[in-house]
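Biologist: Thanks for sitting down with me over this one. Could you put it on the screen, and then I'll work through my questions?

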Amino acid sequence: MAVNLVNVEAVTKVYGTRALLDGVSLGVSEGDRVGVVGRNGDGKTTLIRLLSKLEETDSGRVTHSGGLRLGVLTQHDSLDPGATVRHEVIGDLADHEWAGNAKIRDVLTGLFGGLDLPGFPQGLDTVIAPLSGGERRRIALAKLLIGEPDLIVLDEPTNHLDVEGIAWLAKHLQARRSALVCVTHDRWFLDQVCTKMWDVQRGAVHEYEGGYSDYVFARAERERIAATEEVKRKNLVRKELAWLRRGAPARTSKPRFRIEAANELIADVPPPRDTSSLMKFANARLGKTVFDLEDVTVQAGPKVLLSHLTWQLGPGDRIGLVGVNGAGKTSLLRALAEASRTRGDVQPAAGKVTVGRTVKLAYLSQEVAELKPTLRVLEAVQQVRDRVDLGGGREMTAGQLCEQFGFTKEKQWTPVGDLSGGERRRLQLLRLLMDEPNVLFLDEPTNDLDIETLNQLEDVLDSWPGSMVVISHDRFFIERVTDKVMALLGDRTLRMLPRGIDEYLERRRKIAESGAPGAPAATLPASGGAPAAAAPASAKDDRAAKKELQKIERQLTKMSDRETLLHQQIAEHSTDFEKVAKLDAELRQLIGERDELEMRWLELAEDA
């Protein structure tokens, strides 16, 4: 029988006149893996601070089992600024002791990219004081994971980690025997590591069995039975459930909830996007040319990040851009934004960027634009425009779009200076969309956003017609709002990944195993054999390969559209077995042809 590690009994916590937690009772047992979700400001962090005894309750009590070893990662670390990384993470262990410990080696490699901490100026002997918040947070996480706590409590552990780091952390936590309580907005991560969910809402905590997918289903079913929530909110939940049930292109497994009940609940929910309609509208708004890059070199100071890049961002393209830190993701967007701002007058270090005449770019950078602090939220949005056309005959007023982004009627009159970081981020994105752009660059748009706001943002982007490039470490968001994934692997090239982020992680793993971080994928051995010593391709062969690559990418896009249509037709004719059999045969043939094309694409990509 599992031992109870923590008991929370009738706990209440009040701030000002608002009860964040009101008579909450719950517990954590050995082996529990709990994900904590809820809107920003509803009390998630307060709950885990009370659970960890970092804060006192106003009433009720929190008890820990005798001798409980507790490891807590808060949003503000308690590292000694004058200490070195070695002192904080490894302590007094001699080099031969920690280097012989498989767990320590795994943590250092997983969080820092190597035992010598390649991103730090003096490696393990780097002093902590001058390091950034993200670097300090990784050090605090490494210190916690190297220990042997019975219960690990994590507050936003995926912040400042890239896709690769998040995948490693999920795998590491899966393998540990410690109990876990984790606050995060990363839905993919929740699905990987959690077997129970706590939903913090209006002073109460609702418990659900299973990971994030199971939680979405259970919440949708509960709202359907209760029929007390507003229609808009219920439809959003059902829409996300449909997405989870059907599965994203790069998801490796289907959710675990009951198939029959889920199918019944989402029987009339269409796919998230009508790709064909959006593509037609995007073509009408943008024409044939959006951004054409020919033999482009992108630099950050003297450092060359991308060289000889030939790439085309077309009308209606929805691209997820992933890559190692420092590979040039943000620099590429900045170069394109600068070319757009000057209508092609300012060009990169080498090569040429052609910008379409009708391109109207909106760029959400990682820096939050400063607004007059006394300005009200609604006034800040109305400064841009009173109404916005979202495409497909959908139009919204500034106030309606504010509500969709979580700014209630009362919140719309809040001064900008009183907003939290996440709320300012939402407001910045809102202002961009109000300007009716036809091209969107989003650099880490999910920072500081809670899951409910992410759902609302995804709903808006589903019907947004135009071209889009998204940089994000949020794997779920990338798979949800984009149609293609492209990667910067640190070898100065941009590659399309037909199998999405799974393929990116596989390539990065192979590069790491080859012992050459950032090495081109073309140098990797195939199927474990020795690398072939291929002769360098001529410029003519290279151009021909790139041309065929672009042709295959267009074919893959058409196949993806056809596959979506076939799935729709199968759903529509589900009672006509003869028709379904015919459509299913066509679908299988299409998938076979697509797999062959993807293999050809990979061969050409390596040759090029």
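Biologist: Let's start with β3 and β8: in which sense do these strands pair, and over how many bridges?

Modeller: Keep in mind that this is a predicted model. In it, β3 covers residues 33-37 and β8 covers residues 196-201. Within this pair, Val36 has Trp198 of β8 as its bridge partner. The two strands pair in the parallel sense, over 4 bridges.

Biologist: Which strands are at the edges of the open sheet of 6 strands?

Modeller: The order of that sheet is β5-β6-β7-β3-β8-β9, and its pairing is mixed. On average, neighbouring strands are turned by 15° against each other, direction ignored. The strands that pair on one side only are β5 and β9 (204-209).

Biologist: Leu180 caught my eye. Is Leu180 buried or exposed?

Modeller: Leu180 sits in strand β7, residues 179-183. Leaving aside neighbours within four places in sequence, Leu180 has contacts that include Val34, Ile152, Leu154, Leu173 and Val193. The relative accessibility of Leu180 is 2%, and the cut-off is under 20%. Leu180 therefore counts as buried.

Biologist: How far apart are the C-alpha atoms of Leu180 and Leu154?

Modeller: Along the chain, Leu180 and Leu154 are 26 residues apart. In space they are in contact. Their C-alpha atoms are separated by 7.8 Å.

Biologist: Now the sheet of 3 strands: which strands stand at its edges?

Modeller: This open sheet has antiparallel pairing and the order β2-β1-β4. A strand with a single partner has one side left without a neighbour in the sheet, so that is what to look for. The edge strands are β2 (18-29) and β4 (59-64).

Biologist: How many bridges join β1 to β2?

Modeller: The two strands run antiparallel, and Val14 stands opposite Ala19 in β2. In their hairpin, 2 residues lie between the strands, and Gly16 takes a positive phi near 65°. The number of bridges joining β1 to β2 is 8.

Biologist: And on the β4 side, which residue of β4 is the bridge partner of Asn7?

Modeller: Strand β1 covers residues 4-15 and runs antiparallel to β4, with 5 bridges joining the two. In β4, the partner of Asn7 is Thr63.

Biologist: Helix α1 packs on this sheet; what angle does its direction make with that of β1?

Modeller: Helix α1 spans residues 44-51 and touches β1, β2 and β4. The angle between its direction and that of β1 is about 130°.

Biologist: Turning to α5, how far apart are its end C-alpha atoms?

Modeller: Helix α5 has 14 residues, 133-146. At 1.5 Å a residue, α5 should span 20 Å, and the model agrees. The end C-alpha atoms are apart by 20 Å.

Biologist: How many of the residues of α5 are buried?

Modeller: Among the buried ones are Gly134, Arg136, Arg137, Arg138, Leu141 and Leu145. The buried residues pack against β5 (70-73), α2 (85-89), α4 (102-112), β6 (151-155) and α6 (163-175). The helix is largely enclosed by the rest of the structure, because the buried count, out of 14 residues, is 11.

Biologist: Which residues touch the most other members of the largest nonpolar core?

Modeller: In soluble globular proteins, nonpolar side chains tend to be buried together. Here the largest nonpolar core has 133 residues. Beyond four places in sequence, Trp311 is in contact with residues including Phe291, Ile319, Leu332 and Met486. The residues touching the most other members are Leu145, Phe291 and Trp311.

Biologist: What about Ser340: is Ser340 buried or exposed?

Modeller: Ser340 is part of helix α12, residues 329-341. Setting aside neighbours within four places in sequence, Ser340 is in contact with Phe291, Val355, Val359 and Leu361. With 6% relative accessibility, Ser340 counts as buried.

Biologist: One last thing: over which residues is the pLDDT below 50 while the stretch has 33 contacts?

Modeller: The chain averages a pLDDT of 80, and 82% of the residues score at least 70. Where pLDDT is low, the predicted coordinates should not be read in detail. One stretch under 50 is 517-537, with 24 contacts beyond four places in sequence. The stretch with 33 contacts beyond near neighbours in sequence is residues 249-258.

How values were computed. Residues numbered from 1 in each chain as written. Heavy atoms only, no water. Core = buried A, V, L, I, M, F, W, Y, C linked by side-chain atoms within 4.5 Å. Buried < 20%, exposed > 50% of the residue type's maximum accessible area, 1.4 Å probe, protein only. Contact = heavy atoms within 4.5 Å. Pairing = 2+ DSSP bridges. Axes fitted to C-alpha atoms, helices over the stretch in contact; angles between N-to-C directions. Expected span 1.5 Å × (residues − 1). pLDDT = per-residue confidence, 0-100.
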